[in-house]
Amino acid sequence: MTAVEEKRATEVVEICRFDRLIPGRGVAALLPGGRQVAIFRTVTDDVFALSNVDPFTKAAVLSRGIIGDVKGVPHVASPMLKHRFELATGYSLEDETVAVRTYPVRVTEGMVYIQP
């Protein structure tokens with residue numbers, strides 16, 4: 001692992017307090033370097049982070065998508081064309097060749113952190 005890769009592996013960004021996330025909804029945040037991330041809190045209190053950019057439309061809208069699940073697998077449906085993306089993997093449920101970037105996320109002492 002290079003020094004840059006090692007630094008990225010340990011770097012985290014504080015996003016917000018966990019209790020500020022509404023169950024069943026998403027929010028957008030800006031990461032260092034200007035990347036947008038969509039953070040989702042499910043109704044079971046799991047937290048996921050994906051790129052906020054819909055790869056089909058190139059619009060930064062995934063944080064405003066609708067959260068659902070297929071056979072217990074949580075996903076978000078883009079508000080643009082309704083393509084669905086698994087929250088854990090980022091893969092499209094409609095086109096397995098397409099995925100959005102996922103980010104490691106953790107909740108520690110009530111704060112949400114993302115590894116960019």
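The following paragraphs lead the reader through the strands, sheets, selected residues and main pocket of this structure. The model is a predicted one.

A record offers a starting point. An unreviewed UniProt entry lists residues 13-114 under the heading "domain: Rieske". In the model, this span is 44% strand and 0% helix. The C-alpha atoms at the two ends of residues 13-114 lie 5 Å apart. The account below therefore concerns strands, given that the span contains 0% helix by the run criterion applied to helices and strands.

Two open sheets may be considered in turn. In general terms, the strands of a sheet pair through backbone hydrogen bonds, in either a parallel or an antiparallel sense. One open sheet of this model consists of 4 strands in the order β2-β3-β4-β8, with antiparallel pairing. Its edges are formed by β2 and β8 (102-103), each of which pairs on one side only.

Within this sheet, β2 and strand β3 (residues 36-41) run antiparallel and are joined by 6 bridges. Individual pairs can be located along them: Arg-25 stands opposite Arg-41 in β3, and Gly-26 stands opposite Phe-40 in β3. The two strands β2 and β3 form a hairpin, with 5 residues between them. In the turn of that hairpin, Gly-33 has a positive phi of about 90°.

The other open sheet has 3 strands in the order β5-β6-β7, and its pairing is antiparallel. Here β5 and β7 (84-86) are the edge strands, each pairing on one side only. From one strand to the next, the twist averages 35°.

The pairing of β5 with strand β6 (residues 73-77) is antiparallel and extends over 5 bridges. Several of its partners can be named. Ile-66 has Ala-77 in β6 as its bridge partner, Gly-68 has His-75 in β6, and Val-70 stands opposite Val-73 in β6. The hairpin of β5 and β6 has 2 residues between the strands, and Lys-71 takes a positive phi near 55° there.

On the other side of the pairing scheme, β6 is joined to β7 by 3 bridges, and these strands run antiparallel. His-75 has Glu-86 as its bridge partner in β7. His-75 is thus also the residue that partners Gly-68 in the pairing of β5 with β6. Between β6 and β7 the hairpin has 6 residues, and Lys-82 takes a positive phi near 70° in this hairpin.

Two residues illustrate how exposure to the surroundings is assigned. Is Arg-20 buried or exposed? Arg-20 is placed in the loop between β1 (13-17) and β2 (25-30). Its relative accessibility is 65%, and Arg-20 counts as exposed because the cut-off for that class is over 50%. The C-alpha atoms of Arg-20 and Val-53, which are 33 residues apart along the chain, are separated by 22 Å.

Val-105 falls into another class. This residue is found in strand β9 (residues 105-108). Its relative accessible area is 24%, and Val-105 is described as partly exposed because this value falls between the limits of 20% and 50%. Val-105 and Arg-41 are 64 residues apart along the chain, while their C-alpha atoms are separated by 11 Å. Arg-41 has already appeared in β3, opposite Arg-25.

The final topic is the empty space at the protein. As a general principle, such space is revealed by rolling a probe the size of a water molecule over the atoms. The largest pocket in this model has a volume of about 160 Å³. Which strand gives the most to its lining? Strand β5 (residues 66-70) does, with 3 residues.

The residues that line the largest pocket include Ile-67, Gly-68 and Asp-69. Also among them are Gly-24, Thr-42, Val-43, Thr-44 and Asp-46, together with Gly-72 and Pro-74. By class, the lining comprises 5 polar, 3 nonpolar and 2 charged residues. Gly-68 connects this pocket with the strand pairing described above: it belongs to the lining, and its bridge partner in β6 is His-75.

Technical notes
Residues are numbered from 1 along each chain as its sequence is written. This is a predicted model: local features need pLDDT of at least 70, side-chain atom pairs count only at pLDDT 80 or more; totals for chains, interfaces and linings use all residues. Side-chain values use heavy atoms; hydrogens and water are left out. On a 1 Å grid over the protein atoms alone, a cavity is a set of points where a 1.4 Å probe fits but cannot get out, and a pocket is an open set with protein on both sides within 12 Å along at least five of seven lines; lining residues have an atom within 4 Å of a point. Grid points are joined across faces, edges and corners, and a volume is the space filled by probe spheres set on the points. Ala, Val, Leu, Ile, Met, Phe, Trp, Tyr, Cys and Pro count as nonpolar, Asp, Glu, Lys and Arg as charged, and the others, Gly among them, as polar. UniProt positions are given in the numbering used here, feature names are shortened, and annotations may be inferred rather than shown by experiment. Two strands pair if DSSP finds at least two bridges between them. Axes are lines fitted to C-alpha atoms, for helices over the stretch in contact, and angles run from 0 to 180 degrees between N-to-C directions. Buried means under 20% relative accessible area, exposed over 50%, partly exposed in between (1.4 Å probe, protein chains only).
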